[in-house]
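Student: I would like a close look at one part of this structure, followed by a connected account of what surrounds that part. Please take the sequence and the model together.

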Amino acid sequence: MSTMDEVVDGWLKHRLVVQELLEQVDDEQVQYKPWDNAKSLGDLAIHIATSMDMFVKTVKNGEFTPPQEESDYESMRDVREILKKYTETTKQDLKSLSKSQLTDEVEFNKDIAPGSFWLSNAIDHEIHHKGQLFTYARMAGVKAVPFFMKHPSELK
């Protein structure tokens with residue numbers, strides 16, 4: 001893996017777009033589900049935030065650290081605030097990781113791999129769900145969606 005600043009920037013270029021996308025979503029759309037038993041739009045956004053946090057905390061702690069449940073929201077404003085809170089916490093946790101935490105092996109879901117593998121997996125997971133969130137938003141009627149990632153000059 002490259003420097004942690006590059007990792008953080010690489011992740012933020014996607015996370016900040018999720019935040020921007022959610023600015024386009026109204027309260028009527030927060031519970032939108034494209035099919036029965038799907039996560040709602042709000043739940044999917046929170047899943048993105050709590051999952052990345054879980055992966056980073058697992059690497060930081062050297063052992064699986066379950067995600068926090070964050071289902072107590074009523075509005076898109078609540079969802080956006082939860083996402084912002086997790087973005088800041090995750091950003092700080094990422095920046096605090098040491099080289100040994102990136103190379104040390106961590107067990108996750110019965111698999112063992114270096115911390116850097118789990119961070120890469122976490123970013124891929126977030127990008128996957130970001131794509132779903134874009135699709136949900138379009139299906140829910142959002143007309144203007146942001147570009148799929150931020151330019152590096154927009155991260156500072």
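Student: Which residues line the largest pocket?

Tutor: This is a predicted model, and in it the lining of the largest pocket is made up of K39, D43, I46, H47, T50, P67, Q68, E69, E70, S71 and Y73. Sorted by character, these lining residues fall into 3 nonpolar, 4 polar and 4 charged, and the volume of the pocket comes to about 190 Å³.

From the pocket one can turn to the loop between α1 and α2, where N37 has its place. Although N37 is not a glycine, its phi is positive, at about 70°. N37 counts as exposed because its relative accessibility is 78%, the cut-off for that class being over 50%.

On one side of that loop stands helix α1, which covers residues 4-22, 19 residues in total, and reaches 27 Å from its first C-alpha to its last, close to the 27 Å expected at 1.5 Å a residue. The helix nevertheless bends, by about 30°, at L12, and L12 is also among the buried residues of α1. The others in that buried set are M4, V7, V8, W11, H14, R15, V17, V18, Q19, L21 and L22, so that the list holds charged and polar side chains as well as nonpolar ones. An α-helix has 3.6 residues a turn, so residues three or four places apart point the same way. As for their partners, the buried residues of α1 pack against α2 (41-61), α3 (76-96), α4 (99-103) and α5 (115-139).

Within this helix, R15 deserves a separate word, since R15 counts as buried at 0% relative accessibility, where the cut-off is under 20%. Leaving aside residues up to four places away in sequence, R15 touches I48, A49, M52, L83, Y86, T87 and E126. Set against the helix ranges, I48, A49 and M52 fall in α2, L83, Y86 and T87 in α3, and E126 in α5.

A counterpart to N37 is found at K110, in the loop between β1 (105-108) and β2 (111-114). K110 has a positive phi of about 70° and is likewise not a glycine, and K110 counts as exposed because its relative accessibility is 76%.

Conventions
Residues numbered from 1 in each chain as written. Predicted model: local features only at pLDDT ≥ 70, side-chain atom pairs only at ≥ 80, totals over all residues. Heavy atoms only, no water. Helix = DSSP H or I, 4+ residues; strand = E, 2+ residues; numbered from the N terminus. Expected span 1.5 Å × (residues − 1). Bend = angle between axes of the 7 residues up to and from the residue. Buried < 20%, exposed > 50% of the residue type's maximum accessible area, 1.4 Å probe, protein only. Contact = heavy atoms within 4.5 Å. 1 Å grid on protein atoms, 1.4 Å probe; cavity = no way out; pocket = protein on both sides within 12 Å on 5 of 7 lines; lining within 4 Å. Points joined across faces, edges and corners; volume = space filled by probe spheres on them.
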